[in-house]
Amino acid sequence: MKKVLVVSGAILFASFIFISCKSSSKNVDVCKCLSSPGDSDFMKENGDACRDAISKEIGVDNWEKVNFSQNKALSKKFDELANRCR
């Protein structure tokens, strides 16, 4: 019985890790990420993937933590990305 619980727990843990990794590596349209309201269904379902996609586009770990007023080069990259999406 103890062995069954350990195996079941391991399977549950592995499933959780797989689902977490899969959802964060989702391909999303960066322009849709930039133009969709934060409370939209799209953003509720893809918020983490959008954060990661935007971050990758401008070359940072997490664009939400960048102080663009203090980093003109990154601010320019972000503006160029936004302009591409118009």
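This passage describes the helices, disulfides and helix packing of a predicted model.

The protein chain contains 4 helices and 0 strands, and from the N terminus on its elements follow the order α-α-α-α. Of the 86 residues of the chain, 26% count as buried. When contacts in the chain are restricted to those between residues at least 6 apart in sequence, 30% of them join residues at least 24 apart.

The structure holds 2 disulfides, and when the bonded cysteines are numbered in sequence order, their pairing reads 1-4, 2-3. One of the disulfides is formed by C31 and C85, whose sulfur atoms lie 2.1 Å apart. This pair links distant parts of the chain, as C31 belongs to helix α2 (residues 30-35) and C85 to the segment after α4 (72-84), with their positions 54 residues apart in the numbering. The torsion about the S-S bond of C31 and C85 is about -75°, and the disulfide is therefore left-handed. Both cysteines of this pair fall between the limits for buried and exposed residues, which are under 20% and over 50% relative accessible area, respectively: C31 is partly exposed, with a relative accessible area of 27%, and C85 is likewise partly exposed, with a value of 24%.

The other disulfide joins C33 to C50, with a sulfur-to-sulfur distance of 2.0 Å. Here too the pair links distant parts of the chain, with C33 in helix α2 and C50 in helix α3 (residues 41-58), 17 residues apart. Because the torsion about the S-S bond of C33 and C50 is about -70°, this disulfide is left-handed. With regard to solvent accessibility, C33 counts as buried at 5% relative accessibility, and C50 is also buried, with a relative accessible area of 2%.

The surroundings of C50, which lies in helix α3, involve residues from elsewhere in the chain. Leaving aside neighbours within four places in sequence, C50 is in contact with V28, C33, F42 and M43; among these, C33 is the cysteine to which C50 is joined by the disulfide. The C-alpha atoms of C50 and V28 are 6.5 Å apart in space, although the two residues are 22 residues apart in sequence. V28 recurs in the contacts of N46, a further residue of helix α3, since N46 touches K26 and V28 when residues up to four places away in sequence are not counted. N46 is buried, with a relative accessible area of 7%. G47, which also lies in helix α3, is instead partly exposed, with a relative accessible area of 26%, and its C-alpha atom is separated by 9.8 Å from that of V28, which is 19 residues away along the chain.

Helix α4 has 13 residues and reaches 18 Å from its first C-alpha to its last, which is close to the 18 Å expected at 1.5 Å a residue. The buried residues of this helix are L74, S75, F78 and L81. These residues cover an arc of only 125° around the axis, and they are therefore placed on the same side of α4. On the other side of the helix, K72, A73, K76 and R84 are exposed. The buried residues of α4 pack against α2 and α3.

The packing between α3 and α4 can be described in further detail. The axes of the two helices come within 9 Å and cross at roughly 115°, and the crossing in which α3 passes α4 is right-handed. The contact is made by I54, E57 and I58 on the side of α3, and by L74, K77, F78, L81 and R84 on the side of α4. Of the α4 residues taking part in this contact, L74, F78 and L81 are among the buried residues of the helix, whereas R84 is exposed.

Taken together, helix α3 is joined to helix α2 through the disulfide between C33 and C50, and it meets α4 through the contact that includes I54 and I58. Helix α2 in turn carries C31, which forms a disulfide with C85, a residue of the segment after α4.

Note on methods. Residues numbered from 1 in each chain as written. Predicted model: local features only at pLDDT ≥ 70, side-chain atom pairs only at ≥ 80, totals over all residues. Heavy atoms only, no water. Disulfide = S-S within 2.5 Å. Buried < 20%, exposed > 50% of the residue type's maximum accessible area, 1.4 Å probe, protein only. Expected span 1.5 Å × (residues − 1). Arc of directions from axis to C-beta. Contact = heavy atoms within 4.5 Å. Axes fitted to C-alpha atoms, helices over the stretch in contact; angles between N-to-C directions. Left-handed = near helix turned anticlockwise from the far one by under 90°.
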